[in-house]
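These are my notebook entries on a structure that I looked up step by step. I began with single residues and then turned to helices, cores and the contact between chains.

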Amino acid sequence: MSVLGTRVVRKEDPRLLRGEARYVADLDETDDPRLVGLAHVVFVRSTVAHATIAELDVAEALEAPGVIGVYTHADLDLEAPPVMGGMLGPDVVRPFLADGRVRYVGEPVAVVVAESVAEGVDAAELVFVDYDLLEPVIGVEAAVDADTLLFPAHGSNVVSGFGAEAPDDLFDGCDVVVRHRIVNQRLAPAPIEPRGCVAVWGGDDGVELTFWTSTQTAHGVRSTLADRFGLEHDAVRVIAPDVGGGFGGKMHLYPDELITAWVARRVGRPARWIETRSESMLGIHHGRDQVHELAIGGTRDGRVLAYHLEVLQDAGAYPDIGAFLPYFTRLMAQGTYDIARVSCRTRSVVTTTTPTAAYRGAGRPEAAAAIERAMDLFAAAVDLDPVKVRRRNLIPADAFPYTTQTGATYDCGNYPRALALAVEAAGYDDLRDEQARRRAAGDPVAMGIGVACYVEITAGPGAGEKEFARLTIDPDGSATVFTGSSAHGQGHATAWSMIVHDLTGIPMDRVEVVHGDTAKVEAGVGTYGSRSLQVGGSALHRATSHLVARGVEVAAKLLDVDEAEVALDTETGTFSAESVSGEAVGWDEVVRLSGEPFTEAHEFVTETPTYPFGAHIAVVEVDTETGQARLVRLVAVDDAGRILNPLIVEGQRHGGIAQGVAQALVEEVRYDADGNPQTANLADYGLISTMELPAAELVPMETPTPVNPLGAKGIGESGTIGATPAVQNAVVDAVAHLGVRHLDLPCTAERVWHALELARAEAG
Amino acid sequence: MLITVTVNGTERTDEVEPRLLLVQYLRDVLGLTGTHIGCDTSSCGACTVLVDGEAAKSCTILAVQVDGGTVRTIEDLAGPDGALDVVQEGFRQEHGLQCGYCTPGMVMASTALLAETPHPTDDEIREALEGNLCRCTGYTSIVASVRWAAEHADGRSPGAGSADGPAS
């Protein structure tokens, strides 16, 4: 029986559970003898949102005890590349340390190197910065027309866009057209381990810089470091030790990390930077932050004919990936529905806030939230049940592959079945009955039911997504996987061992999985965007299959039979042939007698993305006197193709749902009108806890995709895509009978209470 | 200031700065890096250890405050051969961890809960772990892990896998 599809507990767990993991902050000379005498890096950061720097004086800090050096932009011999690949012209750059101007609170202004962190912090306090304040630019709508420009050379705060305005005739023939402005708020990825890195210069084998960093993409960081320092890529070794979560926030090299490497070279000592949580909440790029104007139109009997989504994306101060993520929002705008006319225009603007980039879901949760709110607004306008309206408009199961109006081609799916499974598991009709009873009885705790259908894109946006894998089998019959996919909680060691065991019969505990070290793994992309199994796992599947074919060749010689006659028993890892019964050879013999290194590498290149899908139903209770919403149930149908290890997949679903619910009810990065962050630590940013989350009810559904050998799609982000609109719709539904039509995210007690007050006042 | 503390069954005497936090003492002075730091507002619970048998966030306590007391950290739970104790095993069986960063704090907080309430309800587990944040799991599997540990304790006190026995 194949191990694939079975519940295998993780082999990476014991050392994590014993406290033996080595995160960046834990590294010392026992990890590498060169880490003796670490210098500590502390940053001086902008305390204002927008200003020119009139004076920057480090003299007093230089005299402080334990200080090794203090540096500013004037000291740097590094050239910052233009942002967005030069799209805004060669002069629009993000300086590694502020170059006479700051554009968000938290921007690095100067760097202190000291013998201890405490001395570094003390000295940083002594760096004198005199700011001449400029007007802050806060809020995307204000930024579009603001007189104050972040980059005057560019001439506008609008930095990128996709698509066009809605054509004039888009809503022709519609009985009903509903329009609404909705907000998809800014969030913080907030991995529990903040960022950190250690840099050492000099060493053996031509490696000039060794860099340990908490990253999702060791090879990408290696290439960026090499480019910045003008080194050959092989001259930089990047190691991701244990990494305490990423969620998109650790996808590339940040300026403060580059500066740590620069400082280590400058002072001629190994250097470490570990960010504090307060730094992290301003430093790790934020996610989401779109304002939508949506319009949906159709017939009175519930058929949707046209949809337009207008997106304004806040890119933050220095446009990064966040400026491009609306591409995904546009691509997925149509969701799971068969709609004849769809248009979507996106514009990204810069503001004086932390830059935005990928955060779990990255552009797709925004699309799902918009279309799912639109469907509910439309359902309310035509006075039909939201499930009925969805059923009426879902893409039929026999329509795949299905190409949307914005150019996505969905590989496979069955959206009506996903919704039907969720409706059945939730007991939807009974829930509606209960709601009606409670409303009739005037229950002050209102019950709400929310539905969301979703489809998302993983391993995209187009063809050509790559990942590398090498499998080596040693003469003792043990195997080593070298994967370019870099795990930080996703369970690669277990999943990759399962793939090798399934194809070779080598026991899982004799398979070692090596990742996150550019000196050991010759190529790689990394772990993000729900890509690991379908791209990295497929690469390993291919490499392993090639090695098995070689094993068959050698075994045929050993057994003195035709290759066609050789069978590999994947339970025992032995080769045999019927004509020579009683004889069997193991991998150890095959490898020893092959007389050459037994290793195969494969780079898997995708031909098409995959489109995971599902349906979520949420049940909430809202205290109509306080506005407090409580999630009571969350039923989730998530179809991510063939499942390799249900244990890991369920973990990804629960974790994603938690972050999706958090967006619906709790979390929000806030700035005041002057650009001061209001949520710069975990006391002010309400990271969701055990008490706000019931156990999600997971309903299985598995539709294998034909586009890769594992039949797998991505599962890492589904929860953040389906759960948010389901919960948001539920909260609106709970108070709809009191006159509330929409609530923006997150549906906090304050926001719900205000909406109820307004509705009561309007009702007179 | 000179302090004497029993850490994981071994008595330690060290000269420490009065401003040194317990978590810094454990990590930087004793090299017990299994206890993690995740915030600076005592919100996340990654640094949870047992002080005199009770769960405590070691970033909220000065090292000098535990003078004469006992501290247990994650490194003390497994047996001398590395065998996981029942709480650790529960986390493994029920997938109560992903990246592992919050895990030592979660396990120590769970250990304290089970010492006081050997058979907690799910609500009691959630309440006991409210001060420990996890960004990976969504908590459902953590609650299941603690339940597993309660069901499999077999009369052993949680943490009894240690060669030194419970510190309190």
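**Entry 1. A loop residue**

Between which helix and which strand of chain A does the loop that holds A:Asp560 lie? I followed chain A and found A:Asp560 in the loop between helix H15 (532-559) and strand E22 (566-569). I noted that the model is a predicted one. I then looked up the backbone angle: phi of A:Asp560 is near 60°, a positive value in a residue other than glycine. Next I asked whether A:Asp560 is buried or exposed. A:Asp560 has 10 C-beta neighbours inside 10 Å, and it therefore counts as exposed, since the cut-off for exposed is 12 or fewer.

**Entry 2. Another positive phi**

I recorded that A:Arg288, which is not a glycine, has a positive phi of about 60°. A:Arg288 belongs to strand E13 (residues 287-298) of chain A. I counted its surroundings: 30 other C-beta atoms lie within 10 Å, so A:Arg288 is buried. The cut-off for buried is 20 or more.

**Entry 3. Cis peptide bonds**

I looked up two peptide bonds that precede a proline. The bond from A:Phe400 to A:Pro401 is cis, with omega near -5°. A:Pro401 sits in the loop between H11 and strand E16 (402-403) of chain A. The bond that joins A:Gly460 and A:Pro461 is also cis, and its omega is about 10°. I placed A:Pro461 in the loop between strand E18 (445-455) and strand E19 (466-473) of chain A.

**Entry 4. Two exposed residues and their distances**

I found A:Gly155 in the loop between helix H4 (140-145) and strand E7 (158-162) of chain A. A:Gly155 counts as exposed because it has 10 C-beta neighbours inside 10 Å. How far apart in space are A:Gly155 and A:Val92, C-alpha to C-alpha? They are 11 Å apart, and in sequence they are 63 residues apart.

I then turned to A:Glu63, in the loop between helix H2 (59-62) and strand E3 (67-71) of chain A. With 11 C-beta neighbours inside 10 Å, A:Glu63 counts as exposed. The C-alpha atoms of A:Glu63 and A:Val389 are separated by 70 Å, and these residues are 326 apart along the chain.

**Entry 5. A helix pair in chain A**

A:Val389 led me to helix H11 (residues 386-393) of chain A. I recorded that the axes of H10(A) and H11(A) come within 9 Å and cross at roughly 110°. The two helices are therefore roughly perpendicular to each other, since 65 to 115 degrees is the range for that term. Their crossing is right-handed. On the side of H10(A) the contact is made by A:Met375, A:Asp376, A:Phe378 and A:Ala379, and on the side of H11(A) by A:Pro386, A:Val389 and A:Arg390. By class, I noted five nonpolar, no polar and two charged residues in this contact.

**Entry 6. Nonpolar cores**

How many residues does the largest nonpolar core have? I found 255, and the residues with the most contacts inside this core include A:Val112, A:Ala422 and A:Val731. Helix H10 (residues 364-381) of chain A gives the largest share of the core, ten residues. I looked more closely at A:Ala422. Leaving aside residues up to four places away in sequence, A:Ala422 touches A:Ala615, A:His616, A:Ile617, A:Val635, A:Val637 and A:Val699. There is also a second, separate core of 47 residues, with A:Trp496, A:Leu533, A:Phe598 and A:Ile715 among them.

**Entry 7. A helix pair in chain B**

I moved to chain B, where the axes of H3(B) and H5(B) come within 11 Å and cross at roughly 45°. That angle makes H3(B) oblique to H5(B). The crossing is right-handed. H3(B) contributes B:Met106, B:Ser110, B:Leu113 and B:Leu114 to the contact, and H5(B) contributes B:Ile142, B:Val146, B:Ala149 and B:Ala150. I sorted these residues into seven nonpolar, one polar and no charged.

**Entry 8. Where the chains touch**

Last, I looked up the contact between the chains, which takes 40 residues from chain A and 41 residues from chain B. On the side of chain B, helix H2 (86-93), helix H3 (103-116) and helix H5 (140-151) each supply at least two residues. H2(B) provides the largest share of that side, four residues. By class, the side of chain B that touches chain A has 18 nonpolar, 17 polar and six charged residues.

Technical notes
Residues are numbered from 1 along each chain as its sequence is written. Chains are lettered from A and ligands numbered from 1 in the order in which they are written. This is a predicted model: local features need pLDDT of at least 70, side-chain atom pairs count only at pLDDT 80 or more; totals for chains, interfaces and linings use all residues. Two residues are in contact if their C-beta atoms, placed from the backbone, lie within 7 Å. Ala, Val, Leu, Ile, Met, Phe, Trp, Tyr, Cys and Pro count as nonpolar, Asp, Glu, Lys and Arg as charged, and the others, Gly among them, as polar. A nonpolar core is a set of buried Ala, Val, Leu, Ile, Met, Phe, Trp, Tyr and Cys residues joined through C-beta atoms within 7 Å. Axes are lines fitted to C-alpha atoms, for helices over the stretch in contact, and angles run from 0 to 180 degrees between N-to-C directions. Angles under 35 degrees count as roughly parallel, over 145 as roughly antiparallel, 65 to 115 as roughly perpendicular and the rest as oblique. A crossing is left-handed if the near helix is turned anticlockwise from the far one by less than a right angle, and right-handed if clockwise.
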